[in-house]
Amino acid sequence: MDRLVESTLKHGLIPPVVMEFPGITAGGGFAGTGGESSSFKYGYFNEIVDSVEMVLGNGDIITASDKENPDLFHGASGAVGSLGITTLLEIQLMQAKQYVKVTYYPTRSIPEAIAKIRAEIENPELDYVDGILYSKEHGVVVTGCLTDDIPDSAQVQRFSDADDPWYYLHVKEKTLGSLQPIAEYIPLSEYLFRYDRGGFWVGASAFEYFKFPFNHFTRRFLDDFLHTRMLYRALHASEQSRNYIVQDLALPFSTAEKFIDYTVDSFGIWPLWLCPLRQSRLPTLHPHFPETEADGQTLKPMLNVGLWGFGPAQHDKFVAKNLELERKLREFRGMKWLYAHTYYEEDEFWDLFDRRWYDGLRRKYKAESLPSVWHKVKVDPNAQKQAIDGSWGSWALQFWPLGGLWGIRKAIESGEYLTARNSTWKRRDGFSSSR
């Protein structure tokens with residue numbers, strides 16, 4: 001994403017939906033589910049894609065768009081590559097501006113935060129809406145408007161430099177004792193990738209794991225390790241992801257409060273990310289809920305809850321907790337994004353999606369030799385456990401701090417820290433920060 005934004009900003013343009021982690025690819029956003037703070041307005045990332053080139057299961061190369069192979073174009077979004085491999089995308093761009101004027105609205109309860117988001121997404125003047133819940137009593141709804149004009153007295157806030165604050169900590173500090181809205185101006189690219197340092201708040205878990213002090217000095221000293229590319233490289237290499245909850249869960253607004261109450265009681269994970277989503281038309285492999293507005297046609301928006309934090313360390317308990325989460329999500333009529341640990345049995349999975357539609361696309365576009373979407377996302381707990389028990393290396397990584405140290409080593413070897421260091425979107429003399 002960062003390379004794409006760097007290229008388009010040279011022409012004063014940006015994609016309407018930008019995934020907030022710089023290392024997520026455009027192809028990944030199309031084949032997966034990419035919902036961000038502008039998705040209340042534009043929908044998932046695939047909604048800003050005009051056409052794709054795909055390699056089918058039989059080797060044919062075709063183009064898909066709303067006019068050419070439209071059924072494949074719609075079905076391949078969210079299908080995680082199970083209908084073919086995307087090799088080229090044509091995407092929409094819009095006029096960029098210098099800054100995003102953000103307004104932080106402090107909230108003092110979960111229902112207040114949900115209601116505030118639901119109200120704000122009706123405002124056509126807004127370009128971005130999301131929220132952070134720090135606790136039951138402290139939440140913040142954040143709205144954003146693109147602008148080239150800022151008051152002479154306004155302070156410009158940035159988040160990309162090692163000396164800058166982490167975004168979520170900055171918002172927490174700004175709003176902790178306030179009941180009134182607080183506005184500030186953020187350079188556009190800094191806003192788009194505001195969660196890069198710290199990976200939302202996943203980076204704080206690394207300090208917790210190593211029992212290392214978590215303060216401005218230590219975050220500054222270890223900054224190279226605390227950008228999303230390095231964090232997730234280390235998380236997977238360390239195999240700590242096998243007991244780390246990373247789930248995005250989309251629900252109707254009407255059930256979101258009760259679901260959040262459940263996650264708080266059952267997982268105790270804070271903060272939580274709230275992101276309103278405009279639904280894709282049905283059928284789809286994205287999270288969906290078939291309830292319409294009064295016009296009988298427009299699908300109602302959904303609210304995504306980002307649940308990211310440590311789960312049970314013991315494998316069987318971790319799996320049981322994820323199964324419980326999936327049951328509760330269905331009870332509250334929600335759906336998970338398919339990038340995460342997914343434990344549904346095949347029949348359970350296809351209760352959520354239109355299998356006849358999907359299988360028809362697989363037959364038509366010669367994809368039956370490829371793994372199905374269920375086969376690609378399904379976690380097999382027994383095979384996972386056997387892999388851990390059968391590998392000396394995987395067994396050893398369970399013991400503190402071996403897993404974490406191995407993850408750091410592999411992250412350093414990847415050289416991903418150099419990508420963050422050399423990113424031009426952070427330049428303070430370029431388009432995104434000039435006044």
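**Group meeting: cores, a sheet and some rings**

Let me start with a single side chain: F207 is buried, at a relative accessible area of 5%. Before I go on, keep in mind that this is a predicted model.

So, who does F207 pair with? The partner is F214: the ring centres sit 5.0 Å apart and the planes meet at 70°, so we call the pair edge-to-face. F214 itself is partly exposed, because its relative accessibility comes out at 34%, and the cut-off for buried is under 20%.

That's one of 33 aromatic pairs in the structure. Another one I like is Y44 with W337, also edge-to-face, with 6.5 Å from centre to centre and 85° between the planes. What does that pair link? Distant parts of the chain: Y44 is in the loop between helix 3 (39-42) and strand 2 (49-55), while W337 is in the loop between strand 13 and helix 13 (346-352), and the two are 293 residues apart. Y44 is buried, at 0% relative accessibility, and W337 is buried too, at 5%.

Okay, on to the nonpolar core. The largest one has 117 residues, and the ones with the most contacts inside it are L72, Y104, Y128, Y167, L188, I260 and F349. Which element gives the largest share? That's helix 11, residues 253-267, with seven residues. There's another core apart from this one, made of five residues, including Y99, I150, A154 and Y185.

If you click on F349, skip the neighbours within four places in sequence and you'll find it in contact with L338, Y344, V373, W374 and V377.

Now helix 11 itself. It has 15 residues, and from first C-alpha to last it reaches 21 Å, close to the 21 Å expected at 1.5 Å a residue. Its buried residues are F253, T255, A256, F259, I260, Y262, T263, V264, S266 and F267. I260, remember, was on that list of residues with the most contacts in the core. And what do the buried residues of helix 11 pack against? Quite a list: helix 5 (110-120), strand 7 (128-133), strand 10 (244-252), strand 11 (272-277), strand 12 (302-310) and helix 12 (315-331). Right after helix 11 comes G268, with a positive phi, near 65°.

Several of those strands bring us to the sheet. It's an open sheet of eight strands, in the order 9-6-8-7-11-12-10-13, with antiparallel pairing. Strand 9 (182-187) and strand 13 (335-336) are the edges, each pairing on one side only. In the middle of my story, strand 11 and strand 12 pair antiparallel over five bridges, and one to look at is P276, whose bridge partner is L303 in strand 12. Helix 12 lies across strand 10, strand 12 and strand 13, and runs at about 5° to strand 10.

Let me finish on edge strand 13, where you'll find M335. Buried or exposed? Buried, with a relative accessible area of 6%. Leaving out residues up to four places away in sequence, M335 touches D248, L249, A250, H286, P287, H288, L329, L352 and F353. Of those, D248, L249 and A250 fall within strand 10 (244-252), and L329 falls within helix 12 (315-331). As for distance, the C-alpha atoms of M335 and S423 are 35 Å apart, with the two positions 88 residues apart along the chain.

That's my tour; happy to take questions.

Conventions. Residues numbered from 1 in each chain as written. Predicted model: local features only at pLDDT ≥ 70, side-chain atom pairs only at ≥ 80, totals over all residues. Heavy atoms only, no water. Core = buried A, V, L, I, M, F, W, Y, C linked by side-chain atoms within 4.5 Å. Buried < 20%, exposed > 50% of the residue type's maximum accessible area, 1.4 Å probe, protein only. Helix = DSSP H or I, 4+ residues; strand = E, 2+ residues; numbered from the N terminus. Contact = heavy atoms within 4.5 Å. Expected span 1.5 Å × (residues − 1). Pairing = 2+ DSSP bridges. Axes fitted to C-alpha atoms, helices over the stretch in contact; angles between N-to-C directions. Phe/Tyr/Trp six-rings, centres within 6.5 Å; stacked < 30°, edge-to-face > 60°.
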